[in-house]
Amino acid sequence: MIKEALIILKKELKNLFKDKRTVFSTFILPLFILPVIFLGMGSVLDSMEKDAQQTSYALDIRGNYDPVLDNLLDEHLQWYPASQATAKISIVFPTTYAQGDQSDVIVTYDSSSKKTQWAVDTLERVLGLYELLIANNLLAEYGLSYDDIHTLDIVLEDTAAVQARSATSMLAMLLPYFLVIFLFAGSMNAGLDTTSGEKERGSLAILLVNQVSRTSIAWGKIVYVSVVALTSALATYLGLVITMFVPIGAATFSLDGITSAEVSIASMVVIIITLLSTALLTATVITLVGCLSKTVKEGSSYVMPLYMLVILVGVVTMYMDPSTNILLFMIPIVNTIFIMKEALLGMVVIHHVIIAVISHIVIAALGSMGVAKLFNSERILQTV
Amino acid sequence: MIVVKDLSKEFQLRKRVVKAVDSVSFTAFDGEVFGLLGPNGAGKTTTLRTIATLLQPTKGSISVDGLDVIEHSRAVRDRIGFLTGEMRLTGQLSARELLHYFGQLDRMDETYIAKRMDELAREFELGPYMDTPIAKLSSGITQKVSIAVALINEPHDIIFDEPTSNLDVIASKIVSDFIRQAKDEGKCVLLSTHILSDAHRLCDRIGVMYEGQLLCEGPLEEVLEIHKTNDLETLFFSLVQKKKENSL
């Protein structure tokens, strides 16, 4: 049986790897899409900030003509005075304002412009520094300085493992989501093409009028779809590693100083084991759906809601911390995401991994039995 | 030789049972082409799929070269070549790779596969196209490859479901030539078609099916003579009319 399943697997893989378009969309695209997205995002954000810094802003300052404020503004922002009608930003002090008064400073601006937003953020910092100078001047009248009343220095000491620090947490937030999405998307095309696609092309009937056992056909197809799903997910992972090694990509990820080397070998092994069992699970589900569908179109209409569910699970769990709730590790996809989060944060709990992998294998085994049963029954043949 | 005795096939749908084939009996002999004729939905495809072990009979029996299709399904599959007109081979594999693949699935050894590939390439003039991806072949050549795939195990009984529907003139001629050649080689050819002109050109014996029942069966010329007509179209409508009158 295994030998016959391998013949089918080999043929399907050969067919797949000879098709340049499929190779591109299944393996090359996941490999480069994330680096392209993050590097693109990084360079766009970088150039936007540079552009914002180099722009000269028209400011309308009213109610305060203190040259100290002008100097502070000069240090942090390129600007020129403008009338209320032509100014991009207005800074209005009360008409009766005198240095040292407690009062509101009203900053009027248009937040729809990113550059103006950046300038306002800078202005807030400048006004904060200006307030500090005024406070220092007031305190000086009493022979004091701001340092004399500054009694507490807050020192943050992060006890988390290197992997669990905020930068890697960002990775733990995004990576499981992308991996699960690409794993599912990768198996969708292959799974439907090898089942309902073969029905549509009339070639499944020819395959079934053969000496090979139908259970072998079912297994050959499931393993093929699993291999495609896993390879697609690993290409995505590799793509993220590439992104992390490029400075601008790492900056976009907030991963300064953290590389994939921070993710231990043990964590990587856990991630790959989880991906492997998840690939088997998704491949089985998609193959089962494909077997129940008469056409690829019909199959897609059944698979799309499942895909949406996977995306929903990915989004909902994105901001969640790893959980200790055992039940969560029994739910497919949810458990994959939590295990990967744990692995990336250096908090692997072995029994969580075992429960998740067993849950995947049990569901995949039930699904495989369903696929084999379909291949051995007339149910699949009625739609051939 | 294919012997179908009192074959019935029912499908259980959600709320009802559909009888696709109702007590059909006929025999397709070696060295002849037997054609099952009838409109879409007459039960021809179901009959052929049941003979090809793709479906199981609800009632009755089928034997292929003396082997019962239920008891010896694998041995029957070894004796038959099954092809459907709906089949559209595609993909990046070449004819050689596809033939090798189906040969392996038929549990043929490598030497036998190589020998059969050479024979089929010669027979269907596929030599120059054996290593070209199927997706790049013309429809006529692709059809030849489909036939070669069905024949890789050197079957004695050839079952063809709607062999010429969906085919252009060139591909249709390739199929027709192959059917005549198989008959001349002493093989048993069983085909289904709703194209009556095809049946007239190719078949030695016919069976007319309508709503799951076999309305008549016998040598083509004999059947036409009994029903006092020259063409299959008139024969078909007269048989259908009679069936409707009897059921009233």
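**Exercise 1. Which residues point one way from β9(B) and which the other way, and are they buried or exposed?**

Before we start, a word on the model: it is predicted, so local features need pLDDT of at least 70 and side-chain atom pairs count only at pLDDT 80 or more, while totals for chains, interfaces and linings use all residues. Residues are numbered from 1 along each chain as its sequence is written, chains are lettered from A and ligands numbered from 1 in the order in which they are written, and side-chain values use heavy atoms, with hydrogens and water left out.

*Solution.*
- Step 1: Find the strand, β9 of chain B, at residues 205–210. Helices (H or I, at least four residues) and strands (E, at least two) are DSSP runs, numbered from the N terminus.
- Step 2: Sort the side chains. B:R205, B:G207 and B:M209 point one way, and B:I206, B:V208 and B:Y210 point the other way.
- Step 3: Check the burial. Buried means under 20% relative accessible area, exposed over 50%, and partly exposed in between (1.4 Å probe, protein chains only). Six of the six residues of β9(B) are buried.

**Exercise 2. Find the strands that pair with β9(B), and give the sense of each pairing.**

*Solution.*
- Step 1: Recall the rule: two strands pair if DSSP finds at least two bridges between them.
- Step 2: Look at β3(B), residues 32–37, which pairs with β9(B) in the parallel sense over four bridges. Here B:L37 has B:V208 as its bridge partner.
- Step 3: Turn to β10(B), residues 213–219, where six bridges give an antiparallel pairing with β9(B). B:V208 stands opposite B:C216 in β10(B).
- Step 4: Follow the chain from β9(B) to β10(B). The two strands form a hairpin with two residues between them, and B:E211 in the turn has a positive phi of about 45 degrees.

**Exercise 3. Explain what the salt bridges of B:R205, B:K44 and B:D198 join.**

*Solution.*
- Step 1: Apply the rule: a salt bridge is a side-chain nitrogen of Lys or Arg within 4 Å of a carboxyl oxygen of Asp or Glu.
- Step 2: Take B:R205, whose partner is B:E32 at 3.0 Å, N to O. B:E32 lies in β3(B) and B:R205 in β9(B), so this pair ties together parts that are 173 residues apart in sequence. Both residues are buried.
- Step 3: Move on to B:K44, which meets B:E162 at 3.6 Å, N to O. B:K44 is in helix α1 of chain B and B:E162 in the loop between β7 and α6 of chain B, so the pair links parts 118 residues apart in sequence. B:K44 is buried at 3% relative accessible area, and B:E162 is buried at 11%.
- Step 4: Compare B:D198 and B:R201, paired at 2.6 Å, N to O. These two are three residues apart in helix α7 of chain B, separated by about one helical turn. B:D198 is buried at 8%, whereas B:R201 is partly exposed at 43%.

**Exercise 4. Describe where chain B meets chain A.**

*Solution.*
- Step 1: Count the contacts (heavy atoms within 4.5 Å). They involve 31 residues of chain B and 26 residues of chain A.
- Step 2: Look for salt bridges across the interface; the rule finds four. One of them joins B:R107 to A:E4, with the closest N and O atoms 2.5 Å apart.
- Step 3: Identify the elements of chain B giving two or more residues to this side: β1, α2, β6 and α3. The largest share, six residues, comes from α3(B).
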